[in-house]
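Visitor: I am new to this structure and would like to be taken through it slowly. Could we look at it together, one question at a time?

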Amino acid sequence: MEFPLLLNGIPIENRGVRLNVDSFGHITHYSYNPVDLDAAKIPKPDTALPIEEVKKNMTTADSIILNYVEEQPEKDGRNSENIKTKPVLRYDLNDFGYHAQTGKKVDEKELSSVQSKPTKTKIALHPKGQTLIARSEEEVKQLLTKLFDINSAAGTLHVDQPFNFPWQKERPYLEYRFNTEDGQVTAYIITDRKTGQVYSAGLSTNGEQKKQPARITEEQAFTVARDFLETYADSSTTELELQQKLFEESEIPSWVDKSKLPEKTDHQNDKYPFYFTKLHQGIPVQDHIYQVDIDKQTGKVVSFYLSNPSEKVELPDSQNIVTKEQALSTFINHKPLKLKYIWPSYMDQQAPAPFLVYVWDNLNESGYVDALTGDYIKEPIDPEDE
């Protein structure tokens, strides 16, 4: 539960009280994130443009995204096993809000100290459709040896027993953990409880080699990751979108005291991570994703996630759908814009004043526009809200 601080009657994003409460009503976590209002030049609500003027100037080029979802819940709720799903083609909002005094879109660069340039590349795939199965601890040991060349006799394997809340049913997956006797190697495998099909697996070794420079290039690592997916991706996955993020430091804001910035450190990762999303008719399938991590020293797969659809899904045709302009108009008519303060920070330094912005109200509900019908579909957050 979150209780935001109010300024001029308007909530301040990420400022206030956060409580976690267990099923017995006990507070398990408490945090309070206050703000220092001394000498701050707070934008007044009466300086904001009328909402209608902001809406009139909205553009659709990058404010709306189109995605498939294979298993879209008909409603939200804690007991996901009893919720029916269906495939949909949906429009979603894709922005951080609008400056209330100018109507201009809020740029992500204004909100964070490290920026990334996302790149998306289409990848053709010829999947063999092989499956990884482990129905017992013995089969898990054999699979760990096959995937990561682990000598199972040198360690112990056990099944994790996660705590379940009273409202949760038995989890649909099993998580196996392997540890060598010297503690230098750990590994895990997550499988479907009923079928034994592997969702994901990973290997972790001692951190000494993480300090060494990479022995293989990212291009070589990508070839290994693609070959792995060629073997184990779902047979319907013939086209993927590779998503990469090239990180770069953003320009330091003028209000930052540079003398108080920490020294730069090299956070060299020991793996090349590759993230893939299935494409259907050139459109991303939001919930059909893959990840493959390649060790920079050995060039081998050290962790992966494989999307395993519960059943074969026939996705809707993307021809003759409503336009982005029509979808945005539907959002505007059904989803309110509300004033909010956003207080930027940079490396633990807080800006002298917050932004006053219009943001889409996601507190009580989320929603999307059905690209086939143009209807706004509400996704209730409260399990009892239908």
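Visitor: How many aromatic pairs does a search of the whole structure find?

Guide: The model shown here is predicted, and what follows is computed from it. Rings of Phe, Tyr and Trp pair if their centres lie within 6.5 Å. When the whole structure is searched, the number of aromatic pairs found is four.

Visitor: Why is the pair of Phe-228 and Phe-304 tilted?

Guide: Planes under 30 degrees apart count as stacked and those over 60 as edge-to-face, while the rest are tilted. The ring centres of Phe-228 and Phe-304 are 4.9 Å apart, and because their planes lie at 45 degrees, the pair is tilted.

Visitor: How many residues apart are Phe-228 and Phe-304?

Guide: Phe-228 belongs to helix α3 (residues 218-232), whereas Phe-304 belongs to strand β15 (residues 301-306). Both Phe-228 and Phe-304 are buried. The pair links distant parts of the chain, with a separation of 76 residues.

Visitor: Which residues do ring pairs link into a cluster?

Guide: Phe-228, in helix α3, is one of the buried residues of that helix, and so is Tyr-232. Ring pairs join these two with a residue of strand β15. The cluster is made of Phe-228, Tyr-232 and Phe-304.

Visitor: What span should the 15 residues of α3 have?

Guide: The expected span is 1.5 Å times one less than the number of residues. The end C-alpha atoms of α3 are 21 Å apart in the model, which agrees with the expected span of 21 Å.

Visitor: What is the angle between the planes of Phe-331 and Tyr-376?

Guide: Phe-331 lies in helix α4 (residues 324-334) and Tyr-376 in strand β21 (residues 376-380), 45 residues apart, so that the pair links distant parts of the chain. Both Phe-331 and Tyr-376 are buried. Their aromatic pair is edge-to-face, with 6.1 Å from centre to centre, and the angle between the planes is 80 degrees.

Visitor: Is Lys-278, which meets Glu-70 in a salt bridge, buried or exposed?

Guide: Lys-278, in strand β13 (residues 271-280), and Glu-70, in strand β4 (residues 64-73), are 208 residues apart. Their side chains meet in a salt bridge of 3.8 Å, N to O. Glu-70 has a relative accessibility of 6% and counts as buried. Because buried means under 20% relative accessible area, Lys-278 at 7% is likewise buried.

Visitor: Which residue forms a salt bridge with Lys-338?

Guide: Lys-338 is in strand β16 (residues 337-342), and its partner is in the loop between β19 (355-360) and β20 (365-370), 23 residues apart. Lys-338 is partly exposed, with a relative accessible area of 44%, whereas the partner counts as buried at 13%. The closest N and O atoms are 3.4 Å apart, and the partner is Asp-361.

Visitor: Where does the largest share of the nonpolar patch come from?

Guide: The patch covers about 660 Å² of surface and is made by Met-1, Phe-3, Val-21, Ile-27, Tyr-30 and Tyr-32. Among them, Tyr-30 is found in strand β3. The largest share, three residues, comes from strand β3 (residues 27-33).

Visitor: Over the ring of which residue does the charged end of Lys-296 sit?

Guide: A charge sits over a ring if NZ of Lys is within 6 Å of the ring centre and within 35 degrees of the ring normal. The charged end of Lys-296 is 4.9 Å from the centre of the ring, and that ring belongs to Tyr-272.

Conventions
Residues are numbered from 1 along each chain as its sequence is written. This is a predicted model: local features need pLDDT of at least 70, side-chain atom pairs count only at pLDDT 80 or more; totals for chains, interfaces and linings use all residues. Side-chain values use heavy atoms; hydrogens and water are left out. Patches are made of residues with over 30% relative accessible area and no salt bridge: like charges are joined within 9 Å, nonpolar side chains (Val, Leu, Ile, Met, Phe, Trp, Tyr) within 5 Å. Accessible areas come from the Shrake-Rupley method with a 1.4 Å probe; for residues, only the protein chains shown count as cover. A salt bridge is a side-chain nitrogen of Lys or Arg within 4 Å of a carboxyl oxygen of Asp or Glu. Helices (H or I, at least four residues) and strands (E, at least two) are DSSP runs, numbered from the N terminus. Rings of Phe, Tyr and Trp (its six-membered ring) pair if their centres lie within 6.5 Å; planes under 30 degrees apart count as stacked, over 60 as edge-to-face and the rest as tilted. Buried means under 20% relative accessible area, exposed over 50%, partly exposed in between (1.4 Å probe, protein chains only).
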